[in-house]
Amino acid sequence: MKIKILLITVAILILLVGILLFLGRKIDVKTNKKVSNLSEELQEVFYLGSLAPNSHNIQSWEITVYPEKEYVVIAADPEKKLDVIDPKGREVFISLGCYAKTLMKSFEAYGYKTEYSFDEENKEITVKYHKSSEEANLGLAELIKKRHTDKRGFENQALSSTYLSSECESLDPDFYFENGSPEFEAIKKSTLDAYIVQANDKEAAEELSNWLRLSNAETKKTKDGLPAEQLGILGIKKSLYYLTTNHESAKGETFSKQGIDTARKQLEGCSGFCIISSENTEKQLVECGMQTVELWLELTDAGISVQPMSYAIEEEEYKANLQSVLNIDNIQMILRIGYTSEYGCNAGIRRDLADYISVK
Ligand SMILES: Cc1cc2nc3c(=O)[nH]c(=O)nc-3n(C[C@H](O)[C@H](O)[C@H](O)COP(=O)(O)O)c2cc1C
């Protein structure tokens with residue numbers, strides 16, 4: 001009898017684990033690429049471009065394509081912003097720059113040449129494009145799909161000397177701070193302290209909660225924001241996370257404590273931090289975003305994982321203090337970088353193209 005009960009319990013447990021694993025598998029949101037009056041090739045280019053890094057994955061972009069004149073206008077979506085942590089739209093313009101550069105790389109992958117310009121009056125980016133080769137660069141397209149934000153802890157090993165001595169073009173050694181250096185410790189401390197401030201700030205917690213996606217159904221509906229996949233949570237952990245979290249509890253103390261714990265582990269596991277700085281005009285911020293993507297793709301190619309950590313930049317007091325300790329003006333991006341055993345790829349949580357692309 002006892003053996004029978006034991007067997008039934010084991011069977012139920014196996015079934016339960018199976019269900020949790022099944023529910024926790026990676027979601028495929030199936031972005032619809034269809035845009036009327038846009039060729040299939042351009043639809044592919046724009047989908048690839050949409051895999052750009054962007055703050056909180058809010059995808060604050062509005063795109064107008066002029067296929068006959070061969071140019072694209074990229075502007076911020078005034079409805080999509082992060083008023084609490086980004087009141088001046090600093091991250092919106094960096095994200096627009098990330099989008100523009102990823103789009104230009106996507107054009108390049110399909111054999112197009114591009115030219116960028118910024119209209120300071122209308123705060124819009126223009127990208128001119130022209131097909132110059134029938135040969136696709138599949139390697140570049142794969143690199144764009146591979147690039148993603150990795151929120152796991154990385155290995156603590158130093159960056160490879162081959163990368164630092166010969167492969168790295170976009171990483172400025174004066175703006176890279178290795179794990180263990182005094183500058184690294186200063187960035188780590190400011191980032192964690194600022195994270196704690198935000199985690200305990202009701203308005204910041206509410207804004208984050210609004211952009212969290214807490215079920216597959218919610219993710220499939222909005223195709224944006226931060227579902228478990230964007231937080232690096234998968235499998236049984238994803239199922240348990242969705243079962244135990246809702247938008248109310250995500251504003252609470254337990255959730256904020258877990259976030260602080262995760263941030264601490266992230267900061268402890270990495271090779272170092274890269275810093276990108278620029279002036280604060282919209283044009284310079286856009287170009288900072290473009291530089292970020294250039295560097296990020298290079299790091300991806302070298303098998304180095306990346307997570308931007310913006311908390312210390314979002315809190316004025318911490319930013320000013322960090323800038324004075326590092327003797328760097330106008331810090332705009334802090335990238336935590338390092339190696340992981342398995343690189344992974346972009347979760348592809350992106351909106352349908354027709355939601356934000358219009359063709360003239
Ligand atoms: C300006 C900017 C700031 C960001 N800040 C953070 C951050 O503080 N913490 C973090 O985990 N990710 C940060 N990210 C990464 C975004 O959350 C990420 O790019 C977005 O969710 C899309 O995911 P993907 O990079 O995997 O495509 C930032 C990205 C940008 C462009």
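User: What makes a residue near the ligand in this predicted model?

Analyst: A residue is near a molecule if one of its heavy atoms lies within 4 Å of it. In this predicted model, 23 residues surround the ligand. The closest are Arg147, Thr149, Gln230, Ser310 and Arg350.

User: Why is the pair between Thr149 and the ligand called a polar contact?

Analyst: The cut-off for a pair of N or O atoms is 3.5 Å. A polar side-chain atom of Thr149 lies 2.6 Å from an oxygen atom of the ligand. That is within the cut-off, so the pair is a polar contact. For Arg147, an N or O atom in the side chain is 2.7 Å from a ligand oxygen. The side chain of Arg350 also places an N or O atom 2.7 Å from an oxygen of the ligand. The protein buries 97% of the 620 Å² that the ligand exposes when taken alone.

User: Which residue classes make up the shell around the ligand?

Analyst: The shell has 11 polar, eight nonpolar and four charged residues. Helix H3 (90-109) and strand E7 (305-308) each supply at least two shell residues. H3 gives the largest share, three residues. Domain 1 and domain 2 each contribute at least three.

User: Why is the largest nonpolar core said to lie between domain 1 and domain 2?

Analyst: Both domain 1 (40-148 + 347-359) and domain 2 (161-212 + 247-338) give residues to this core, so it lies between them. The core holds 58 residues. Among those touching the most other members are Phe46, Tyr99, Phe107 and Ile337. H3 supplies the largest share of the core, 10 residues.

How values were computed:
Residues are numbered from 1 along each chain as its sequence is written. This is a predicted model: local features need pLDDT of at least 70, side-chain atom pairs count only at pLDDT 80 or more; totals for chains, interfaces and linings use all residues. Side-chain values use heavy atoms; hydrogens and water are left out. A polar contact is a pair of N or O atoms within 3.5 Å; within protein, one must be able to donate a hydrogen and the other to accept it, and residues adjacent in sequence count only if both atoms are side-chain atoms. Accessible areas come from the Shrake-Rupley method with a 1.4 Å probe; for residues, only the protein chains shown count as cover. Helices (H or I, at least four residues) and strands (E, at least two) are DSSP runs, numbered from the N terminus. Ala, Val, Leu, Ile, Met, Phe, Trp, Tyr, Cys and Pro count as nonpolar, Asp, Glu, Lys and Arg as charged, and the others, Gly among them, as polar. Domain bounds come from an automatic or database domain assignment. A nonpolar core is a set of buried Ala, Val, Leu, Ile, Met, Phe, Trp, Tyr and Cys residues joined through side-chain atoms within 4.5 Å. Buried means under 20% relative accessible area, exposed over 50%, partly exposed in between (1.4 Å probe, protein chains only).
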